[in-house]
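Biologist: Could you walk me through this one and explain the labels as we go? I keep meeting words whose reasons nobody spells out.

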Amino acid sequence: MEITHNPNLLWFVIAYGILMVGLGIYFSKKVSNSEDFILAGKGLGALVLTGTLLATWTGSGSISGGETSMAYSYGIIPAFLMAIPTIVGILILYIIAPRIRAFGKYTVSSILEEKYGSFARTLAGIIIILAYVGIVSYQMKGFGFILNLTTGISVETGTIIGAALIIFLATIGGLRSVAPTDAVSAILMVVGLGITLPTIFVIAGGWDSILANVPKEHLTFSGQLSNIQLLGYLLPSLFLLLADQNMYQRLASSSGDRSSKKAQIGWLVAMLLISPTISLIAFAARSIFPDIDPGMALMATTVVMPTFVGGILLTAATAFIITTGNSYLLSAATNVTYDLYGKYLKKDATDKQLLVMTKWFIVILGVLAYVIISFFPTVLSVQMYAYTVYGAGITPAVLAVFFWKRVNLYGGVSSMIAGVVTTLVWEIPLAKPFELNSVLFAVPVAVIVLIVVTLLTTNKTKSK
């Protein structure tokens, strides 16, 4: 079946956009300083915190890359397996959340600075910007897919519109406005996916019909992937989540440890429902639309369902994309402001000046994100790159801060450099040999360097 555009679905997207802009403007009026803008005044309760954790983590990476692309390209079991890294990551964050709150920092770079020194903070800031701008870029393209489906306009034009909306919402109120709009979006996600799943199965003719219309290799454990290739798709999200600055900022913005724990439990339960649901919907789409871009699988189902149901799903997809995009854009801009601008260019900047500069950097990085997406062939490819740059360059060093007292600045900084360099070399000049994602090599290199360099320099560190 070919995709036929349904312009009526656009009204649902417009209604969602108006709601988000209205809420964003309302909550932006409560911003009075940088802490309000970046950490929502450290006053997020369990319900809002659950919503913003869920909405931030589950974005275009899930509905255009991740579970969606895996289900469409390789089969249902590989897609189901994509939930495992998230579950493991949430459980580990649950353990270290009180220590994250205790640091009370605006950025992960600030945490690294306390253990590894000022150079580590600068290096981490650059790594985070590289990764997060990439993540923002495919949220913009995901919105382009949505407008293409509804109106028939080109994905490129839709991407520009998505970029403008994401930049605007991130700029007006920071986390003070992003968090409550995330919570509303999270509700739309759960409702939209819950309605869509049984509906699309009926339209596809039931489970037996779906199985009969997908390639036979999509019914195997790993599809057409080798086990090592499959692992290469699973690890990036785990190593991003374990040290994701967005998650750290949200946990630091909670009203207390009790709220934080409740929110993380709610987040875990929601992911156990949402991730398999996305996989099943995309798998059903494979039987209906055998020849479309894998990133469009979930959203393509909107045009074959009743307009109301399709509109709800498309609204949920929009919610996934916009909330993740503005959250990562805000976080990256925070790094530029505090780790680069405030540290080197204007050390005596006032709180108001830092707030203004954060907003300017949101716009600048948003434009850069739009440019970057043109260099990657698929959403899944840029997703794997961005996750690995962060997961190899930041995560081992951050986790060592919490779990290995012996680690020193030499080990931490060396690990960060080794992780990023290995990722970039594997992805760009080597062009992913053997079709293996760089995470399989970059993360082990980063961990080995962290341990070996720390052990070799321990005595040197103590003697100083």
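**Labels and the reasons behind them**

Modeller: Let's start just past a helix: α5 is followed by Gly75, and the phi of Gly75 is positive, near 125°. Keep in mind that this is a predicted model.

Biologist: What makes helix α5 largely enclosed by the rest of the structure?

Modeller: It's a head count. Helix α5 covers residues 66-73, and seven of its eight residues are buried, so the helix is largely enclosed by the rest of the structure. The buried ones are Gly66, Glu67, Thr68, Ser69, Met70, Ala71 and Tyr72. Tyr72 has something else going on: Arg286 lies over the face of its ring, at 5.0 Å from the ring centre.

Biologist: How do you know that Arg286 lies over the face of Tyr72?

Modeller: Distance is one part of the test: the CZ of an Arg has to be within 6 Å of the ring centre, and also within 35 degrees of the ring normal. Arg286 comes in at 5.0 Å and is listed as lying over the face. Arg99 does likewise with Phe403, at 5.4 Å from the ring centre.

Biologist: Why is Thr58 called buried?

Modeller: The cut-off for buried is under 20% relative accessible area. Thr58 has 1%, so it counts as buried. You'll find Thr58 in the loop between α3 (46-57) and α4 (60-63).

Biologist: Which residues is Thr58 in contact with, leaving aside its neighbours within four places in sequence?

Modeller: Met189, Met271, Ile274, Ile278, Phe320 and Thr324. Take Thr324: it sits in helix α16 (residues 307-345), and at 2% relative accessibility it counts as buried too. Beyond residues up to four places away in sequence, Thr324 touches Ala55, Thr56, Thr58, Gly59 and Gln139.

Biologist: What about Phe27, buried or exposed?

Modeller: Buried, because its relative accessible area is 19% and the limit is under 20%. Phe27 is in helix α1 (residues 10-28).

Biologist: Why is the pair of Phe201 and Trp207 called stacked?

Modeller: By the ring rule there are ten aromatic pairs. In the pair of Phe201 and Trp207, the centres are 5.9 Å apart and the planes differ by 5°. Centres must lie within 6.5 Å to pair, and planes under 30 degrees apart count as stacked, so this pair earns the word. Phe201 is buried, at 19% relative accessibility, while Trp207 is partly exposed, at 34%. Ring pairs also link Tyr132, Tyr328 and Tyr390 into a cluster.

Biologist: Why is Trp207 called partly exposed?

Modeller: Partly exposed is the band between buried, under 20%, and exposed, over 50%. Trp207 has 34%, so it falls in that band.

Biologist: What does Ala131 touch, not counting residues up to four places away in sequence?

Modeller: Ala386, Val389 and Tyr390. Ala131 lies in helix α9 (residues 118-151), and at 0% relative accessibility it counts as buried. Ala131 and Tyr385 are 254 residues apart in sequence, yet 7.8 Å apart in space, C-alpha to C-alpha.

Biologist: What lines the largest cavity?

Modeller: There are four cavities of 30 Å³ or more, and the largest holds about 110 Å³ of space. Its lining is made of Trp57, Gly59, Gly61, Ser62, Gly66, Glu67, Met82, Thr86, Ser237, Gln383 and Tyr387. The elements giving two or more residues to that lining are α4, α5 and α18 (379-393). By class, the lining has three nonpolar, seven polar and one charged residues.

Biologist: What makes the phi of Phe434 worth a remark?

Modeller: Most residues other than glycine have a negative phi. Phe434 isn't a glycine, and its phi is positive, near 60°. Glu435 also has a positive phi, of about 60°, without being a glycine.

Biologist: How do you know that Phe434 counts as exposed?

Modeller: Exposed takes over 50% relative accessible area. Phe434 has 69%, so it counts as exposed. Glu435 passes as well, at 61%. Phe434 lies in the loop between α20 (409-427) and α21 (439-462), and Glu435 is in the loop between α20 and α21 too.

Methods
Residues are numbered from 1 along each chain as its sequence is written. This is a predicted model: local features need pLDDT of at least 70, side-chain atom pairs count only at pLDDT 80 or more; totals for chains, interfaces and linings use all residues. Side-chain values use heavy atoms; hydrogens and water are left out. Rings of Phe, Tyr and Trp (its six-membered ring) pair if their centres lie within 6.5 Å; planes under 30 degrees apart count as stacked, over 60 as edge-to-face and the rest as tilted. Buried means under 20% relative accessible area, exposed over 50%, partly exposed in between (1.4 Å probe, protein chains only). Helices (H or I, at least four residues) and strands (E, at least two) are DSSP runs, numbered from the N terminus. Contact means heavy atoms within 4.5 Å. On a 1 Å grid over the protein atoms alone, a cavity is a set of points where a 1.4 Å probe fits but cannot get out, and a pocket is an open set with protein on both sides within 12 Å along at least five of seven lines; lining residues have an atom within 4 Å of a point. Grid points are joined across faces, edges and corners, and a volume is the space filled by probe spheres set on the points. Ala, Val, Leu, Ile, Met, Phe, Trp, Tyr, Cys and Pro count as nonpolar, Asp, Glu, Lys and Arg as charged, and the others, Gly among them, as polar.
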